[in-house]
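Colleague: I have a bit of time to go through this model with you, so could you put it up on the screen?
Modeller: Of course, here it is.
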Amino acid sequence: MESRMRYITYIVRERQLWHYGHVALFPEGEPARKILIVGDPSGWTRPRGRPRNTWLRQIEGHFRRVGLDRVSAWEVANRDPELFRCVLIDTSHPAPSSSGFHYHDIMNGNGNGEIYFNGVQLHVETFATTITATQGSNVTLPCRYFYQPYLIAKRKTRVKWSRLPTNGGPDTDVLVAIGHHHRSYGEFKGRVHLHKDSEGDVSLIITDLRLLDTGKYRCEVIDGLEDESSTVELELRGVVFPYQPKEGRYKFSFEKSVQACEEQDATIATFDQLYSAWEEGLDWCNAGWLADGSVQYPITMPREPCGGINMAPGVRSYGIRHKQEELYDVFCFSSFIRGNVYYLHHPQKLNFTEAKMACEQEGAHIAKVGQLYAAWKFHSLDRCDAGWLGDGSLRYPIVFPRPNCGPLEPGVRTFGFPDKNQKHGVYCYKMT
């Protein structure tokens with residue numbers, strides 16, 4: 001049976017701190033109170049045979065364990081005796097079987113290699129489960145840490161932000177900070193820093209958001225060997241679109257599908273993004289890869305070739321598939337664009353090569369599929385003229401359906417991949 005008795009040193013420490021707080025409340029003229037303020041007189045030496053460690057020096061050692069000096073502790077004891085009791089007396093050691101923190105100190109030591117942090121809990125909060133932003137903008141992912149009971153003295157903490165993978169694998173380091181020093185990593189280098197607007201604020205600011213920034217982030221605060229963390233999801237407002245190559249249906253392995261989306265200024269969609277698109281009305285009967293390695297497709301109008309007429313509307317799933325051996329289409333995700341997509345007014349129709357050159361002569365580039373979808377979604381681009389795009393496909397965007405402009409629903413219409421010698425219009429993209 002394990003003993004619940006506390007070590008005698010814990011009890012001595014608690015009694016010493018209790019007496020210190022008690023004497024601190026004496027009237028100003030009391031000699032005992034003056035001793036606490038003055039400390040050991042200048043030039044004082046201990047009598048022969050007396051202990052080297054005086055009572056006041058022991059008290060100062062107790063203060064250092066929670067990051068206070070004698071002056072700070074004196075101010076706390078006078079201003080808020082209850083707080084003094086919580087911070088100092090209640091942080092005396094528990095029995096070995098208690099759940100109080102007891103660990104070797106890395107950054108907050110007392111000089112003896114150990115720190116005892118019993119009764120004080122580190123908390124980390126991100127306040128919001130999901131933050132929504134647009135590509136190219138700046139965003140703040142909220143995170144704050146605090147201690148209970150409250151600690152007067154500031155402690156050295158290590159803050160680490162990381163991005164969690166969507167389909168397994170290791171986390172991606174985003175930023176690590178200690179005090180005023182921080183380091184960012186990989187694609188986030190030079191684009192991230194901490195907010196630090198108030199005490200305990202370690203919110204992450206990401207500038208110039210990119211499509212691949214979307215996902216779940218972990219805010220982790222480390223104090224010695226004690227650490228706590230919380231997560232927040234970053235979503236980009238965007239549009240999901242199905243994509244297949246000119247060779248036709250079901251030609252992409254998983255790796256090729258990721259590459260295909262990136263070539264169209266997009267990224268492979270997540271399940272949440274596809275589900276949101278289905279809620280907004282996306283209906284597509286061809287199965288496509290998603291970021292987690294699954295293959296799925298959205299159906300709003302059940303029919304025989306798409307799972308059967310008796311099945312309820314929803315996102316149909318083939319589950320996780322073999323990424324190298326199996327071939328499907330892909331669902332891509334494109335977000336807000338920092339630029340302008342427009343139909344080029346040209347005196348004559350153009351073949352594919354001429355179309356690319358015409359855009360370049362305008363100081364632009366031939367638009368990509370993801371850019372056309374984003375312009376349709378966010379800029380309300382509406383044009384009933386088919387035009388070349390960078391992948392060799394022919395498409396046009398319709399916001400307001402009307403006769404001779406395709407189906408009765410808004411969307412981006414496609415004519416597939418015609419012969420590149422045919423003459424058509426072209427959609428250009430120019431950065432702003």
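Colleague: Which strand gives the most to the lining of the second largest pocket?
Modeller: That is S6, which contributes four residues to the lining. Strands (DSSP runs of E, at least two residues) and helices (runs of H or I, at least four) are numbered from the N terminus. S6 covers 144-148, and S6 and strand S8 (172-178) each supply at least two lining residues.

Colleague: Before I lean on any of this, what kind of model is it?
Modeller: This is a predicted model, in which local features need pLDDT of at least 70 and side-chain atom pairs count only at pLDDT 80 or more, while totals for chains, interfaces and linings use all residues. Residues are numbered from 1 along each chain as its sequence is written, and side-chain values use heavy atoms, with hydrogens and water left out.

Colleague: What volume does that second largest pocket have?
Modeller: About 670 Å³. Of the 24 residues that line the second largest pocket, Tyr145, Lys154, Arg155, Thr157 and Gly200 are the closest to its centre. A pocket here is an open set of points on a 1 Å grid over the protein atoms alone, where a 1.4 Å probe fits and protein lies on both sides within 12 Å along at least five of seven lines; lining residues have an atom within 4 Å of a point. The volume is the space filled by probe spheres set on the points, which are joined across faces, edges and corners.

Colleague: And how many of its lining residues are charged?
Modeller: Seven are charged, alongside twelve nonpolar and five polar residues. In this scheme Asp, Glu, Lys and Arg are charged, Ala, Val, Leu, Ile, Met, Phe, Trp, Tyr, Cys and Pro are nonpolar, and the others, Gly among them, are polar.

Colleague: What about the largest pocket, how much space lies in it?
Modeller: About 1500 Å³. The largest pocket is lined by 50 residues, and those closest to its centre are Val239, Val240, Pro242, Ala277 and Leu282. Several elements give two or more residues to this lining, including strand S14 (238-243), helix H7 (271-279) and strand S19 (329-335). By class, the lining of the largest pocket has 23 nonpolar, 14 polar and 13 charged residues.

Colleague: Staying with H7, which of its residues are buried?
Modeller: Gln273, Leu274, Ala277 and Trp278 are the buried residues of H7, where buried means under 20% relative accessible area, exposed means over 50%, and partly exposed is in between (1.4 Å probe, protein chains only). They lie on the same side of H7, because they cover an arc of only 140° around the axis, taken from the directions from the helix axis to the C-beta atoms.

Colleague: What do they pack against?
Modeller: The buried residues of H7 pack against S14, strand S15 (267-268), strand S17 (294-299), strand S18 (314-320) and S19, with contact meaning heavy atoms within 4.5 Å. Just after H7, Gly281 has a positive phi of about 115°.

Colleague: Which residues other than glycine have a positive phi?
Modeller: Among them are Asp208, with phi of about 50°, and Asn404, with phi near 65°. Most residues other than glycine have a negative phi. Asp208 sits in the loop between strand S11 (204-206) and S12 and is partly exposed, at 29% relative accessibility, whereas Asn404 is exposed, at 78%.

Colleague: Asp213 is in that S11 to S12 loop too; is it buried or exposed?
Modeller: Asp213 is in the loop between S11 and S12, and it counts as buried at 3% relative accessibility. A polar contact of 2.9 Å joins its side chain to that of Arg191; such a contact is a pair of N or O atoms within 3.5 Å, one able to donate a hydrogen and the other to accept it, and residues adjacent in sequence count only if both atoms are side-chain atoms. Leaving out residues up to four places away in sequence, Asp213 touches Arg163, Phe188, Arg191, Ile206, Asp208 and Leu234.

Colleague: Back near S6, which residues does the cis peptide bond join?
Modeller: Gln148 and Pro149, with omega of about -10°. Pro149 lies in the loop between S6 and strand S7 (158-164).

Colleague: And Trp161, where is that?
Modeller: Trp161 is in strand S7 and is buried, with a relative accessible area of 0%. A polar atom of its side chain lies 3.0 Å from the backbone oxygen of Val202.
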